[in-house]
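Trainee: Please take one part of this model and go through it closely. I would like to follow it step by step, with the residues named.

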2 protein chains.
Amino acid sequence: MDSHIPSPPTRRLSMGERENAIDRTIPLLPPAEEIDEFNYFDNNDPPEYLESLIHGAQEFVKFHKNDRVVLVTSGGTTVPLENQTVRFIDNFSAGTRGATSAEYFLEHGYAVIFLHRQFSLLPYSRHYSHSTNCFLDFMEEKNSKVIVDPIYQEEMLMVLRKYQHAKDHNLLLLLPFTTINQYLHTLRALSVTLRPLKSRALFYLAAAVSDFFVPLHRIPEHKIQSKAGGSKLVMNLDPVPKFLHRLVDKWAPGAMIVSFKLETDSSILLSKARQALERYSHQLVVGNLLQTRKREVVFVEPGKTELWIRLTPAQEAAGVDIESLIIPAIVERHDIWINKSKNSA
Amino acid sequence: MDSHIPSPPTRRLSMGERENAIDRTIPLLPPAEEIDEFNYFDNNDPPEYLESLIHGAQEFVKFHKNDRVVLVTSGGTTVPLENQTVRFIDNFSAGTRGATSAEYFLEHGYAVIFLHRQFSLLPYSRHYSHSTNCFLDFMEEKNSKVIVDPIYQEEMLMVLRKYQHAKDHNLLLLLPFTTINQYLHTLRALSVTLRPLKSRALFYLAAAVSDFFVPLHRIPEHKIQSKAGGSKLVMNLDPVPKFLHRLVDKWAPGAMIVSFKLETDSSILLSKARQALERYSHQLVVGNLLQTRKREVVFVEPGKTELWIRLTPAQEAAGVDIESLIIPAIVERHDIWINKSKNSA
């Protein structure tokens, strides 16, 4: 049962190779107008299940009408390249950040709506899935019964108790998505659902959202055929409309909004984060690099110097989740946000 | 804990929309030569972990030198679009066919090398993962211990016993891949490793392998930047070299080879399957449609009429795996293949 974990290719490209980098047309289209976002929702139908999903969310929000509710988005959105989807473009994300963060929000007394990529990591069960161990490796047979291997008893009991507490008190609502279209429609509808909570609603947008998509009218119905002898495939993708501005302005005015910025090039991380903040006028961008995202992130906020949050080497060695530092820092900012809203009301 | 499962978009495109289907250049390149496949391996480095992975496989094959060994490939390969991969093209596949088939091969006395997409479904554990249920939903607390919910005891015991049997008798080797490059290099190396078994080796190629990829020299080092206001993204992909011919001819001569053909358009399934068989001169193509793959497949073999294998409505209602019909039919053909090889030796 040995299992080696493949690591992504690490070879760096030479300067010459970089110049051969992926082709991109540069016919700069006019900057996106608000109308683009309306157009998106007009031209791309909502998923059929949306209504019943939102009904569940409404019940949840009603139940928590006096509580703080965080919407955590998690995992990568897919961009289907075919109508009956065999192939799609995906974003790297197991959902670790979102699933772990949800647990710490629950510990801080929040009710959590967990909008996640289907089959990505979930709060609590993440401890036993997507590992190199098979779930059955935690179990053994004794007197013709399956029992939990005593080695894992204590830890699993702690996890199970927290999970049961969240279930018993209706504190965790799991809502899935797969495609970028499902994600955008669901996010919009949930934002409206959360509106009555005003400043007690928190958006924690950790999902890896596609920047490009294939508009519905250009998606072929059937699997793209490969030709013997090798014709090339050329794909034209459109930019996904930037929805954060609408979220701040219209969908959920009053809520506190935290977005994430993931980069691989450290030299542009801060400027990209600052740019997002200026463009959308929301409250916080959490910047992180793919390579170091499990041990450091940076908070970028309007009118403040950036704040790095880092695990100490000792914390790292002990396997401390960096989310155990991120969430309290966000909750602190949410306290201030709520108080400010009260005072201005 | 309600969880609605998003279904893929079902809207069918109109004729007009279909004509607007995805752009593809049609500059027909010369048909792929054998040299293309050599070129591929020369120009795309093997993953760093390959040597140690193959060492494990060699030990496994030595251990089973008098047994039948099947290499089951499972799950979809990814095509990285960036060097430090944030985005990639993926193929739809949870790995159900491969993981389920592996279990039935084990029941038929085969040793199984399971070459699978990392985090796709695994034999036995598949019964408890990628479900809408969280794994913790199978557990409960009793006297301060985590126990298996009595409702699931009996079934889980059966699954655990089979899993333990495979582990205790060294019958199942789990080897992961993620990218198309890792897959191709590993498949080639495993084929050579299996060569000593001659006709007792069986290749069951159920993985969803990308048809197109971005050659290493064209992959940008960093995350592709989206531009404010929306420039489009144009991607150029090359065809993946067809490797089946080499597998049959050079890498594993003597082995029996089964490949899969997945389509969404029923009108071309049989011709595509027959074409693959003629092109590669192997023993069996299992054709299936995305829409009906869990209840019917078609065997396409040289010089024979196609054979449909279908679940009866009663079997379907009872949740019978179609792999419980597919595997015995393949084992039967493998018996004949081994006998033929003996007689001609």
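Mentor: Helices and strands here are DSSP runs, at least four residues for a helix and at least two for a strand, and they are numbered from the N terminus. Keep in mind that the model is predicted.

The part to look at is a sheet in chain A. Eight strands form this open sheet, in the order 7-4-1-8-11-12-13-14, with mixed pairing. Its edges are strand 7 (172–177) and strand 14 of chain A, each of which pairs on one side only. On average, neighbouring strands of the sheet are turned by 20 degrees against each other, direction ignored.

Now go to one pair inside that order. Strand 1 (residues 69–74) and strand 8 (residues 201–205) of chain A run parallel and are joined by five bridges. A:V70 stands opposite A:L202, which belongs to strand 8 of chain A.

Both of these residues also turn up around A:F105. Leaving aside neighbours within four places in sequence, A:F105 is in contact with A:V70, A:V72, A:L202 and A:Y204, and also with A:Y110, A:V112, A:I327, A:I330 and A:V331. The largest nonpolar core has 209 residues, and those touching the most other members are A:F105, A:Y204, B:F105 and B:Y204. In soluble globular proteins, nonpolar side chains tend to be buried together.

Next, move towards the edge formed by strand 14. A loop lies between strand 13 (296–300) and strand 14 (307–310) of chain A, and A:E301 sits in that loop. Is A:E301 buried or exposed? Buried means under 20% relative accessible area. A:E301 has 6% relative accessibility, so it counts as buried. Not counting residues up to four places away in sequence, A:E301 touches A:R274, A:L277, A:Q283, A:L284 and A:R333.

For contrast, take a loop residue of chain A between two other strands. A:N143 is in the loop between strand 5 (139–142) and strand 6 (145–148) of chain A. With a relative accessible area of 71%, A:N143 is exposed. Its phi is near 50 degrees, which is a positive value in a residue other than glycine.

Last comes a helix of this chain. Helix 6 of chain A (residues 180–194) has 15 residues and reaches 21 Å from its first C-alpha to its last, close to the 21 Å expected at 1.5 Å a residue. Of those 15 residues, 13 are buried, so helix 6 of chain A is largely enclosed by the rest of the structure.

Key
Residues numbered from 1 in each chain as written. Chains lettered and ligands numbered in written order. Predicted model: local features only at pLDDT ≥ 70, side-chain atom pairs only at ≥ 80, totals over all residues. Heavy atoms only, no water. Buried < 20%, exposed > 50% of the residue type's maximum accessible area, 1.4 Å probe, protein only. Contact = heavy atoms within 4.5 Å. Core = buried A, V, L, I, M, F, W, Y, C linked by side-chain atoms within 4.5 Å. Expected span 1.5 Å × (residues − 1). Pairing = 2+ DSSP bridges. Axes fitted to C-alpha atoms, helices over the stretch in contact; angles between N-to-C directions.
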